[in-house]
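Colleague: I am new to this structure. Could you take me through it?

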Amino acid sequence: IQNTEISARMKGIVLTEVSGLRLVDNEIHHTRTGMITGTDVSNAVIEGNNIYSSNPHNFSGAGDHADFIHLWTDLARQTSASENITIRNNLIEQDDGQAILGIYLDDNGNGLGFKGVIISNNVILNGNYQGMRLENVFDSSVTNNTLLQPSGEPKTAPAILLRNGSHNIDIHD
């Protein structure tokens with residue numbers, strides 16, 4: 001999917017059991033929940049996209065869950081880690097939307113995880129402290145990213161969170 005504008009939808013792009021994906025130079029904005037979401041995704045490139053303005057219903061309460069980029073593992077669909085995922089050169093921006101999670105690689109406690117992930121040269125301009133939430137990510141790198149907070153309390157500034165078995169990750173610059 002390249003040079004496409006997606007907006008005014010519940011979700012932007014939904015992926016299930018995908019290998020060989022290329023999402024390049026798209027504009028994804030003004031959704032109700034997730035911008036790029038999916039399970040059992042490998043051999044994927046998400047590059048050069050402008051992703052902004054999600055307005056989930058009652059996000060901080062019991063309403064919608066939303067993330068800019070959310071990939072997860074699913075025991076019903078896969079038996080090994082999601083592998084070789086590159087997320088680079090994207091602008092991820094709260095803009096006139098709510099402060100939702102930035103990049104979320106979610107193992108759901110499945111013990112499968114994400115291997116060979118490269119997250120580089122992204123700008124995350126968001127007021128959610130979970131700028132990147134990486135669960136059970138290994139043999140991977142997170143380099144040259146910029147996480148900025150447009151407004152709000154210092155405690156909500158976007159950060160990189162490593163959870164649930166993440167290891168052997170090169171994080172720098």
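Colleague: Which residues of the largest nonpolar core touch the most other members?

Modeller: This is a predicted model. Its largest nonpolar core holds 34 residues. Those that touch the most other members are Ile36, Ile69, Ile103, Leu105 and Ile119.

Colleague: Which strand supplies the largest share of this core?

Modeller: Several strands supply at least two residues each, among them strand 2, strand 5, strand 8 and strand 16. The largest share is four residues, and the strand that supplies them is strand 12.

Colleague: Which strands stand at the edges of the open sheet?

Modeller: The open sheet has six strands, paired in parallel, in the order 2-5-8-12-16-19. An edge strand has a single partner, so one side of it is left without a neighbour in the sheet. The strands placed this way are strand 2 (13-19) and strand 19 (160-163).

Colleague: Within that sheet, what is the bridge partner of Gly38 in strand 8?

Modeller: Strand 5 (residues 36-42) and strand 8 (residues 67-72) run parallel and are joined by four bridges. For Gly38, the partner in strand 8 is Leu71.

Colleague: Is Asn126 buried or exposed?

Modeller: Asn126 lies in the loop between strand 15 (123-125) and strand 16 (132-135). Buried means under 20% relative accessible area. Asn126 has 0% relative accessibility, so it counts as buried.

Colleague: How far is the backbone oxygen of Ile100 from a polar atom of the side chain of Asn126?

Modeller: Asn126 touches residues further off in sequence, including Phe68, Ile100 and Pro158. From the backbone oxygen of Ile100 to a polar atom of the Asn126 side chain, the distance is 2.4 Å.

Technical notes
Residues numbered from 1 in each chain as written. Predicted model: local features only at pLDDT ≥ 70, side-chain atom pairs only at ≥ 80, totals over all residues. Heavy atoms only, no water. Buried < 20%, exposed > 50% of the residue type's maximum accessible area, 1.4 Å probe, protein only. Polar contact = N/O pair within 3.5 Å; in protein donor to acceptor, adjacent residues only side chain to side chain. Contact = heavy atoms within 4.5 Å. Pairing = 2+ DSSP bridges. Core = buried A, V, L, I, M, F, W, Y, C linked by side-chain atoms within 4.5 Å. Lists of a residue's contacts leave out its neighbours within four places in sequence.
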